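Trainee: Could you walk me through a model of a complex, feature by feature? I would like to learn how to read each one.

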Amino acid sequence: MKDIVKILQQNARISNAALGEMLGISAEAAAAEIEKLEKSGVIKGYSVIVDDDLYDKSTVYATIELKVTPQRDCGFDDIAKTIMMYDEVESVSLMSSGAYDLAVEVKGNDLKDVAFFVSERLATIDGILSTSTHFILKKYKEKGIFIDGEEPDERGLG
Amino acid sequence: MIDYDKVLSNKIKDIKPSGIRKFFDIAGTMDDVISLGVGEPDFNTPWAIRKAAIQVLERKHIIYGPNKGLASLRNTISAHIEKKHGVKYDPDKEVIVTVGGSEAIDLAIRGLLDPGDEVLVVEPCFVCYAPLVELAGGVPVSVPTRIENNFKLTLDDFKDKVTDRTKLLILPFPNNPTGAVMTKEDLEPIADFLRDTNIMVLSDEIYSELTYGRKHFSIIELEGMRERTIYVNGFSKAYAMTGWRLGYVTAPEPIISQISKIHQYGIMCSPFISQNAAVEALTACDKEVEKMVEEYNIRRRYLVGEFNRLGLTCFNPEGAFYVFPCIKSTGMTSEEFCERLLFEDRVAAVPGSAFGESGEGYMRISYAYSLKHLMEAIRRIEKFLKKLEAEKK
């Protein structure tokens, strides 16, 4: 099961036949394993990693650090769930740093878009004490993939 | 004008250049080539090892060190072999740390041969053995292994080639280029035969950590074989440390004490930084090796499956990081096949014939590449084979 996930993380579009070969099982068995992983919730979905410089240059990403007052009975969960409902939000994580509590990744069409979202939508949620916005200038690697392409192979022939 | 032809020794002029090199010099000049040619890991050296090297640079005086290698490393090597094979080598008298496994092979061959001595070279094999034997004044005697035996060595393969000049049998398993391995049962009849002779074994076990489905067995574990074996291993393949240039040779004391003179005068000592880092490799990197082996295994199963699907029959190799599909069904020689594959569909693989005549009809495919890279290669090979099929009609 670990091997399947490892292979799919490198290439989720691989055929069942090739996946089966890699695991030493049949294509049908590989398909069944994937279905099992999907049903049990281990696999949540499949996404695509895009080089935004090539696809849509104007897209902006930012990481926003949020200080939050935990709520009675539900801690940080309630606020996190409120935040994640926005389409602009790519990810929400609870952090252990002490300097801030939630890290939120936001995607917008331009700087203004993101700035507006933070000031009008996030900062106004009850329980949020402060926000600190960091715009991402360049992504070098995402989900294990080098955005600018792989390094040249300089190996000899030993 | 100086006549270099007269300056150079006849011996060196007679040595043929490596068949791998020739082919890849061409590939190197072409664009968009997918290579399946390299014989070194695509993984980076595990971080613990690199960190150990950085600490040496920061904190130590970078010196020559003892001829035979740092005592700490020789102790670790000795303990490592004992743990793996239950065979003990005295770290002070029976171990030399060398510049890669290649130097270890050279030491063994030069240390044993007098002019005219014969060496049984089990083929297909890595390209260095026969030239090194010739440089040492010896005569390489080719011992082909066969696909019917999954390229394992059998006693029948070499029994009749033994003469009173036979000094050495080179045993390169797990094998480059075939990926074949030798089990205890495979080695026993060979050991039985050798016990009554004065023939030494040079067991090149550089791929011993890279086996799939079974643990590597060494001939030194068999009764009476430690005393007639020169054991060679290194860090390049298992720990992804090719550029660190570090290997080792272990053998009975009378042999090590003599061949260490070649190392002492020709090399002096192995790289100090690498040696310090290698202690870390042997003591703290089992998990990293295991992870690499798991990844290699996924690629291995994929390639064996794909080549068989494409009609290039491929036996199941249990070691190293190569598969060795048969291309005889295309009616071409391996050199023709690999050349056309390179020029027409931009995939570089090494013709089996580069590893000895018995490699003819096969090609060596390395899977020291990412799955993505291998899948693209297979796509191109499939396209190439379809074209060949169409030509036939």
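**Domains, helices and contacts**

Mentor: Gladly. Let's start with domains: chain A of this predicted model is split into domain 1 (2–40) and domain 2 (52–138).

Trainee: How far apart do the C-alpha centres of domain 1 and domain 2 of chain A lie?

Mentor: Those centres are 34 Å apart.

Trainee: Staying with chain A, why does the span of helix α3 (residues 27–39) agree with what it should be?

Mentor: Start from the rise per residue. At 1.5 Å a residue, the 13 residues of α3 in chain A should cover 18 Å, and because the end C-alpha atoms are 18 Å apart, the two values agree. After α3(A) comes Gly41(A), which has a positive phi, near 90°.

Trainee: And how do α2(A) and α3(A) pack, at what angle and with what distance between their axes?

Mentor: Their axes are 7 Å apart and the packing angle is about 95°. An angle from 65 to 115 degrees counts as roughly perpendicular, so that is the relation of α2(A) to α3(A). On the α2(A) side the contact is made by Asn16(A), Ala17(A), Leu19(A), Gly20(A) and Leu23(A), and on the α3(A) side by Ala27(A), Ala29(A), Ala30(A) and Ala31(A). By class, these residues are seven nonpolar and two polar, with no charged ones.

Trainee: Now chain B. Which segments make up the domains there?

Mentor: A domain can be written as more than one segment, as here: domain 1 of chain B is 4–45 + 286–392, while domain 2 is 47–284. The C-alpha centres of these two domains of chain B lie 25 Å apart. Their contact draws 34 residues from domain 1 and 36 residues from domain 2 of chain B.

Trainee: Which elements give two or more residues to the domain 1 side of that contact in chain B?

Mentor: They are α3 (19–27), α12 (286–309) and β9 (322–323) of chain B. The largest share of that side, six residues, is from α12(B). Sorted by class, the domain 1 side has 17 nonpolar, 11 polar and six charged residues.

Trainee: How many residues of chain A and chain B are in contact with each other?

Mentor: Count each side separately: 12 residues of chain A touch 16 residues of chain B. On the chain A side, α1 (2–10) and α2 (16–23) each supply at least two residues. That side has four nonpolar, five polar and three charged residues.

Trainee: Lastly, what confidence values come with the prediction?

Mentor: For the complex, the predictor gives an ipTM of 0.73 and a pTM of 0.88. Chain B has a mean pLDDT of 95, with 100% of its residues at 70 or more.

Terms used: Residues numbered from 1 in each chain as written. Chains lettered and ligands numbered in written order. Predicted model: local features only at pLDDT ≥ 70, side-chain atom pairs only at ≥ 80, totals over all residues. Domains from an automatic or database assignment. Helix = DSSP H or I, 4+ residues; strand = E, 2+ residues; numbered from the N terminus. Expected span 1.5 Å × (residues − 1). Contact = placed C-beta atoms within 7 Å. Nonpolar A, V, L, I, M, F, W, Y, C, P; charged D, E, K, R; others polar. pLDDT = per-residue confidence, 0-100. Axes fitted to C-alpha atoms, helices over the stretch in contact; angles between N-to-C directions. Parallel < 35°, antiparallel > 145°, perpendicular 65-115°, else oblique.
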